[in-house]
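This report describes the surroundings of a bound ligand and the enclosed cavities of one protein. Please keep the sequence and the structure in view while reading.

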Amino acid sequence: MPTVWVLGAGQLGAMLKQAAYPLALRVEPVEPESEQLPAIKDGDIITVEREQWPDTAVTRHMSQQSGFMNADIFGKIADRFHQKTMLDTLGINTAPWRSVEVDTQAESLHAALGPDVLLKRREGGYDGKGQFWLYQNQGLDVPSDWLGTGIAEKKIPFNEELSLVGARDKDGNKVFYPLTLNLHRNGILMASLAPLARVDHLQGKAESMLGKIMDAADYVGVMAMECFRVGEELIVNELAPRVHNSGHWTQAGACVSQFEMHLRAVSSLPIKAPEVRGQSVMINVIGVERETNWLKIPSTQCYWYGKDVRPGRKLGHININHPKKSAVQTALNELRHLLPENYGDVFDWVKEELAKL
Ligand code: AMP
């Protein structure tokens with residue numbers, strides 16, 4: 001079997017490596033700043049676990065290989081200008097937007113997009129970083145460091161945030177996980193919940209949107225599409241051409257996780273529609289010290305990424321899965337006591353959403 005090299009050696013690379021074991025695949029995450037070039041052989045596969053990467057000897061070497069998958073798509077998706085242009089060209093609903101040029105005035109953005117406009121950096125923004133709200137009632141100008149570096153989006157008064165994770169193989173076969181409900185705080189994903197019967201009627205629409213995007217890009221592997229739900233409409237917020245945090249619940253709640261699905265697709269192994277089991281909830285561990293007692297809670301899987309603790313940093317996640325909603329709620333009640341008080345609103349949200357199922 002060929003080796004699958006992963007550009008990036010963060011938690012996504014580590015979880016890809018973990019998922020490779022039952023497939024007897026060799027997966028090697030590579031740190032872009034590493035001094036040593038990976039020993040890539042003919043026939044090996046190169047995939048990516050991060051949106052952007054620095055220009056280093058390692059990243060240049062990896063991206064020049066013939067086995068570098070989806071080479072054309074990363075530049076297009078990593079730059080919001082190109083990503084939004086691609087969505088518009090495909091006729092896929094996305095928040096109305098304008099490019100922020102060197103001479104763009106706040107007035108013209110408000111005229112086109114309304115009183116509340118969200119500036120987003122063209123490149124490098126993630127987890128809510130690289131955003132700036134421009135409110136007309138504050139009479140602000142476009143800050144000078146945003147000129148020529150961003151796009152501006154209309155504020156979407158969304159009901160909730162849903163994401164779809166799907167995979168496509170080389171022959172164009174596609175499979176999808178059920179729509180996932182996500183809670184963000186300050187732009188950072190805090191919790192996900194899936195499946196939700198109440199959004200089943202949107203599943204077909206979501207699949208045809210992401211399917212169209214993956215087909216147009218001739219994409220191979222897992223891709224995530226983050227959406228706003230506004231009534232019965234889905235509006236794409238952003239695309240992630242890789243395994244995604246909102247798909248972490250699939251480790252506990254699907255017969256094939258998003259990590260294994262990605263590896264199957266990129267290494268030309270069969271992909272199959274993932275059977276989903278029970279109810280899943282994923283809680284992200286953000287800026288919180290590791291707590292051994294998490295391991296005692298029934299119906300959970302704990303992932304700890306081994307990173308230094310810093311405020312606002314994703315350090316791990318906890319998947320809760322059980323066929324019975326009541327058992328998921330019991331696990332959540334126990335976990336609530338083992339996470340800081342500022343998680344209270346996250347647990348309240350999950351409880352409320354579970355009750356609606
Ligand atoms: P992003 O970095 O694009 O994923 O945005 C982070 C979060 O900011 C999203 O999950 C939303 O909660 C919020 N957000 C992004 N774009 C918009 C928008 N156009 N209107 C309202 N909220 C938004």
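## Ligand site and cavities

In this predicted model, a backbone N or O atom of Ile156 lies 2.9 Å from a nitrogen atom of the ligand. Two side chains also place polar atoms by the ligand, that of Gln131 at 2.8 Å from an oxygen atom and that of Glu153 at 2.8 Å from a nitrogen atom. Of the 480 Å² of accessible area that the ligand has on its own, the protein covers 92%.

The shell around the ligand comprises 17 residues, of which Lys120, Gln131, Glu153, Glu161 and Glu238 come nearest. By class, this shell holds five nonpolar, five polar and seven charged residues. Domain 2 (96–154) and domain 3 (160–356) each contribute at least three residues to the shell, and at least two residues come from each of strand 5 (116–121), strand 6 (131–135), strand 7 (150–154) and strand 13 (233–240).

Which cavities does a search of the whole structure find? There are two of 30 Å³ or more, and they are set out below.

| Cavity | Volume | Lining by class |
|---|---|---|
| Largest | about 60 Å³ | two nonpolar, four polar, six charged |
| Second largest | about 30 Å³ | four nonpolar, three polar, one charged |

The lining of the largest cavity includes Glu51, Arg80, Arg121 and Glu238, and helix 3 (71–78) and helix 4 (80–90) are the elements that give two or more residues to this lining. Glu238 is thus named both among the nearest residues around the ligand and in the lining of the largest cavity. The second largest cavity is lined by Thr47, Val48, Asn70, Phe74, Tyr219, Pro241, Arg242 and His262.

Note on methods: Residues numbered from 1 in each chain as written. Predicted model: local features only at pLDDT ≥ 70, side-chain atom pairs only at ≥ 80, totals over all residues. Heavy atoms only, no water. Near = heavy atom within 4 Å. Polar contact = N/O pair within 3.5 Å; in protein donor to acceptor, adjacent residues only side chain to side chain. Areas by Shrake-Rupley, 256 points an atom, 1.4 Å probe, with all protein chains shown as cover. Helix = DSSP H or I, 4+ residues; strand = E, 2+ residues; numbered from the N terminus. Nonpolar A, V, L, I, M, F, W, Y, C, P; charged D, E, K, R; others polar. Domains from an automatic or database assignment. 1 Å grid on protein atoms, 1.4 Å probe; cavity = no way out; pocket = protein on both sides within 12 Å on 5 of 7 lines; lining within 4 Å. Points joined across faces, edges and corners; volume = space filled by probe spheres on them.
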